[in-house]
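Please open the structure in your viewer and keep the sequence panel in sight. The tour below suggests what to select at each stop and says what is to be found there.

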Amino acid sequence: MTKVLIADDHPLIRRGIRNLLENEEDMSVVAEAGDGEEAIDLVSKEDPDVVLMDVGMPKIDGLEATRRIKARSPRTIVLVLTIHDEREYVDGLLK
């Protein structure tokens with residue numbers, strides 16, 4: 001079973017993603033975060049296999065949250081969800 005954490009500051013987006021994933025037999029949503037700080041904390045508590053991370057979030061943005069999550073939990077896969085197409089976001093995520 002793949003454990004998934006959804007990190008997005010829009011509750012409607014989180015709910016929609018959760019609804020999609022709940023139909024998958026091999027996936028389980030273990031937590032939802034509304035900002036980057038909460039996502040970092042929940043990764044430590046829930047130990048998800050995958051984090052679906054929004055880039056534009058309050059407190060700590062998705063780029064910095066991703067860096068901190070990967071530093072603490074290198075095996076956690078972070079998939080970034082964003083509507084941004086600016087090169088700085090893409091370059092920052094790839095690094």
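## First stop: a charged pair

Select E32 and R14, which form a salt bridge whose closest N and O atoms are 3.1 Å apart. This is a predicted model, and the distances and angles along the tour are to be read with that in mind. The pair links distant parts of the chain, since E32 sits in strand β2 and R14 in helix α1 (residues 11-22), 18 residues apart. E32 is partly exposed, with a relative accessible area of 24%, whereas R14 is buried, its relative accessible area being 14%.

Now add R18 to the selection, and a salt bridge between the side chains of E32 and R18 appears, at 2.4 Å from N to O. Because E32 lies in strand β2 and R18 in helix α1, this pair ties together parts that are 14 residues apart in sequence. R18 counts as partly exposed, at 23% relative accessibility. Select E22 as well, and you have the network of salt bridges in which R14, R18, E22 and E32 are linked.

## Second stop: the whole chain

Clear the selection and switch to a cartoon view, in which the protein chain shows four helices and four strands. Followed along the sequence, these elements come in the pattern β-α-β-α-β-α-β-α. If you colour by accessibility, buried residues make up 39% of the 95 residues in the chain. Of the contacts with a separation of 6 or more, 66% are accounted for by residues 24 or more positions apart.

## Third stop: the sheet

In what order do the four strands of the open sheet lie? Select the strands and you will find the order β2-β1-β3-β4, with parallel pairing. The edge strands are β2 (27-33) and β4, each of which pairs on one side only. From one strand to the next, the twist averages 25°.

Keep the sheet on display and add helix α2 (residues 36-46), which packs on it, touching β1, β2 and β3, with a direction that makes about 140° with that of β2. Then look between the strands themselves: β1 (residues 2-7) and β3 run parallel and are joined by four bridges, and the bridge partner of L5 in β3 is V51. Helix α3 also packs on the sheet, touching β3 and β4, and its direction makes about 160° with that of β3.

## Fourth stop: β3, α3 and β4

Hide the rest and keep β3, helix α3 (residues 62-72) and β4, which together make a right-handed β-α-β unit. Strand β3 (residues 50-54) and strand β4 (residues 77-81) run parallel, joined by five bridges. One residue to select here is D54, whose bridge partner in β4 is L81.

Stay with D54, which lies in strand β3, and ask whether a side chain of opposite charge comes to meet it. Side chains of opposite charge can pair when their charged atoms come close. D54, however, is buried yet has no salt bridge, and the nearest side chain of opposite charge, R14, is 8.4 Å away. Leaving aside its neighbours within four places in sequence, D54 is in contact with A7, D8, D9, G62 and L81.

## Fifth stop: the loops

Move to the loop between α2 and β3, where D47 lies. Phi of D47 is near 50°, a positive value in a residue other than glycine, and at 34% relative accessibility D47 counts as partly exposed. Next, select K59 in the loop between β3 and α3. K59 likewise has a positive phi, near 65°, in a residue other than glycine, and counts as exposed, at 65% relative accessibility.

## Last stop: a bridge between loops

Finally, select D49 and R75, whose side chains meet in a salt bridge (3.4 Å, N to O). This pair links distant parts of the chain, with D49 in the loop between α2 and β3 and R75 in the loop between α3 and β4, 26 residues apart. D49 is partly exposed, with a relative accessible area of 22%, and R75 counts as partly exposed at 47% relative accessibility. To continue, show the charged side chains throughout, where a search of the whole structure finds nine salt bridges.

Note on methods: Residues numbered from 1 in each chain as written. Predicted model: local features only at pLDDT ≥ 70, side-chain atom pairs only at ≥ 80, totals over all residues. Heavy atoms only, no water. Pairing = 2+ DSSP bridges. Helix = DSSP H or I, 4+ residues; strand = E, 2+ residues; numbered from the N terminus. Right-handed = clockwise from strand over helix to strand, strands pointing away. Axes fitted to C-alpha atoms, helices over the stretch in contact; angles between N-to-C directions. Contact = heavy atoms within 4.5 Å. Buried < 20%, exposed > 50% of the residue type's maximum accessible area, 1.4 Å probe, protein only. Lys, Arg positive; Asp, Glu negative; His and termini not counted. Salt bridge = Lys/Arg side-chain N within 4 Å of Asp/Glu carboxyl O.
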